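Welcome! Please take a look at the structure below, and then we can walk through it together, topic by topic.

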Amino acid sequence: MNWNNSITSLFDIQYPIVQSPMFGVTTPQMTAASSNAGCLGSLALADLNAENCIRLINETQKLTDKPFAVNIFVNEIPKIDDTLTHRYYKAKSFIENLANENGLKVVLPELNTIKITDYHDQVEAIIHQKCKILSFIFGCLDDESITLLKKNNVLLIGTCTSLEEAKILSEKEIDIICVQGIEAGGHRGSFNPNNIPEIGGLSLLSQITENVKNPLIYAGGIYNAKTLLAAKNLGAKGFQVGSLLLGSTESALKPFEKNRLKLVKEHEIVLTKSFSGRYARGIKNKFIEILEHSDYVLPYPYQNKLTYELRKIAKEKELTDFVGIWLGQSINGFSEKSTFELLNDLIQETEDFML
Ligand SMILES: Cc1cc2nc3c(=O)[nH]c(=O)nc-3n(C[C@H](O)[C@H](O)[C@H](O)COP(=O)(O)O)c2cc1C
C-alpha cells in the first residue's frame, strides 16, 4: 500500500498516522515511540506553564530525532467576577464535603491561588524549543500567534467538531485541520464550551471534505484497518488514534485505571463537563453522576483547577469514582503492548487488508 500523501510530505513522516495528544496519558516516551514508528507523535501540553512545556519538549527531543507535534489549549479565559467567585466557593464546599463523605480528605484551592496559563507563553516556549508542528483545540489561535508561528516555520493543525469551525480554521489559513467526530475519547475540541456540536464522524468528515480544501486528519473511533480505511474513503489524509493507545506500555495511566478500561461497557461511556468544565468523553462514575446536572460545575479552566487535588488524591488511592478516565466509543480490548507494536499492528493490518 502506498501511504504517501499530503500529510506524509507536509510532516516528513512515513505513515500518515497521528498519535493523539492525550493530556494525562501521553508521555514523552509515547510521543517518541510513535514518531520512531514512522508516524506522527504528539506531545500533550494542555495548559502547562512554559517551564513545564520546555521540560517535556526537551525530554521528547532526547528520545527521537523524528518530527513530532506539540498540542495546547487555546480557549478564552472567563473573567473572575462576583458571580463566578460565589459559584466557585459553593462548588468548593460541595465537592470537599462529597469527598469527605467518601473517605477522601481534601482541601481544594482558594480562587486567588489558582494559576492560569496564558497560551501565548506556551507559543513562545514552543518557538524557543524549535518545535515544527503545533496542534491546538478549544478554538483558533489569535492572528498575532498565527503570524509569529508561521514566520518560524511551524505547521499548524487546528481541531474542529463542526463544518462551521472547519471553515473558520480554513479562513485563518491553518495548514491542516483535525476533524474530531463525536465518537472521540477525551475533551471535545469544540470552540464554544457550552453548546457543543454533537456530529458523528461519518457525517462530519464527509461534509468537511466536500466544503474545505485543507488536508484533513480524522480523529474519533479509529482502532483497526477498517475504521482507518473508512476515514480514508471519506477524504481524510491523516488518521489520529487515541483510545487505542490507552493501555500501552508508555501510557501514564496506572494499572487500576487500565483495569477499569478493560471492564468498561458501552453504556458507561458518556460526555461530561463535571471534572473540567469542558465536555469530555469518558467512563461514568459517582462524581460524574452527582455533579453533571448540578450547580457545581464552573466554566473551564476553573472547574479543572478546582477538582485537580481531588483527582490527584483519588488517583493515589486508586478510587475510580473520583478520577476522570477518558475513552472514546470504540471499545477495543486495551492491549498493553508497546506503542510501537500497536501502531505497527495497525499499519500491518491496513496493508494486509489492501492486498
Ligand atoms: C485520554 C485522552 C486525553 C485526551 N487529551 C487530549 C488533549 O490533551 N489534546 C487534544 O487535542 N486531544 C485530546 N484528546 C482527544 C484526541 O486528540 C482524539 O481526538 C481522540 O483520542 C480520538 O478518538 P479515539 O479516542 O476514539 O481514538 C484526548 C483523548 C483521550 C482518549
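The domain assignment splits the protein chain into domain 1 (6-77 + 117-243 + 335-354) and domain 2 (78-115 + 265-326). Keep in mind as you explore that this is a predicted model. After the domains, we will visit the ligand and then two spots in the backbone.

**How the domains meet**

- Taken over C-alpha atoms, the centres of domain 1 and domain 2 are 26 Å apart.
- Domain 1 brings 21 residues to the contact, and domain 2 brings 15 residues.
- About 1,500 Å² of area is buried between domain 1 and domain 2, and carbon and sulfur atoms give 50% of it.
- Three residues to find here are Ile77, His187 and Pro193: they supply 35% of the area that domain 1 buries against domain 2, more than any other three residues.

**Around the ligand**

- The ligand is surrounded by 22 residues, and the closest are Pro21, Asn71, Gly221, Gly242 and Ser243.
- Sorted by class, this shell has 12 nonpolar and 10 polar residues, with no charged residues.
- Asn71 places a polar side-chain atom 2.8 Å from a nitrogen atom of the ligand.
- Gln180 also has a polar side-chain atom to look for, 3.1 Å from an oxygen atom of the ligand.
- With Gly220, look at the backbone instead: an N or O atom there lies 3.5 Å from an oxygen atom of the ligand.
- How much of the ligand does the protein bury? Taken alone, the ligand exposes 600 Å², and the protein buries 97% of that.
- Strand S3 (68-73) and strand S9 (238-241) are the elements that give two or more residues to the shell around the ligand.

**Two backbone spots to find**

- Here is some background for both: most residues other than glycine have a negative phi, and most peptide bonds are trans.
- Tyr300 and Pro301 are joined by a cis peptide bond, with omega at about 5 degrees.
- To find Pro301, go to the loop between helix H11 (286-291) and helix H12 (302-316).
- Ala46 is a residue other than glycine with a positive phi, near 40 degrees.
- You can find Ala46 in strand S2 (residues 41-46).

Conventions
Residues are numbered from 1 along each chain as its sequence is written. This is a predicted model: local features need pLDDT of at least 70, side-chain atom pairs count only at pLDDT 80 or more; totals for chains, interfaces and linings use all residues. Side-chain values use heavy atoms; hydrogens and water are left out. A residue is near a molecule or strand if one of its heavy atoms lies within 4 Å of it. A polar contact is a pair of N or O atoms within 3.5 Å; within protein, one must be able to donate a hydrogen and the other to accept it, and residues adjacent in sequence count only if both atoms are side-chain atoms. Accessible areas come from the Shrake-Rupley method with a 1.4 Å probe; for residues, only the protein chains shown count as cover. Helices (H or I, at least four residues) and strands (E, at least two) are DSSP runs, numbered from the N terminus. Ala, Val, Leu, Ile, Met, Phe, Trp, Tyr, Cys and Pro count as nonpolar, Asp, Glu, Lys and Arg as charged, and the others, Gly among them, as polar. Domain bounds come from an automatic or database domain assignment. Contact means heavy atoms within 4.5 Å. Buried area is the accessible area (1.4 Å probe) that two parts lose on being put together, summed over both.
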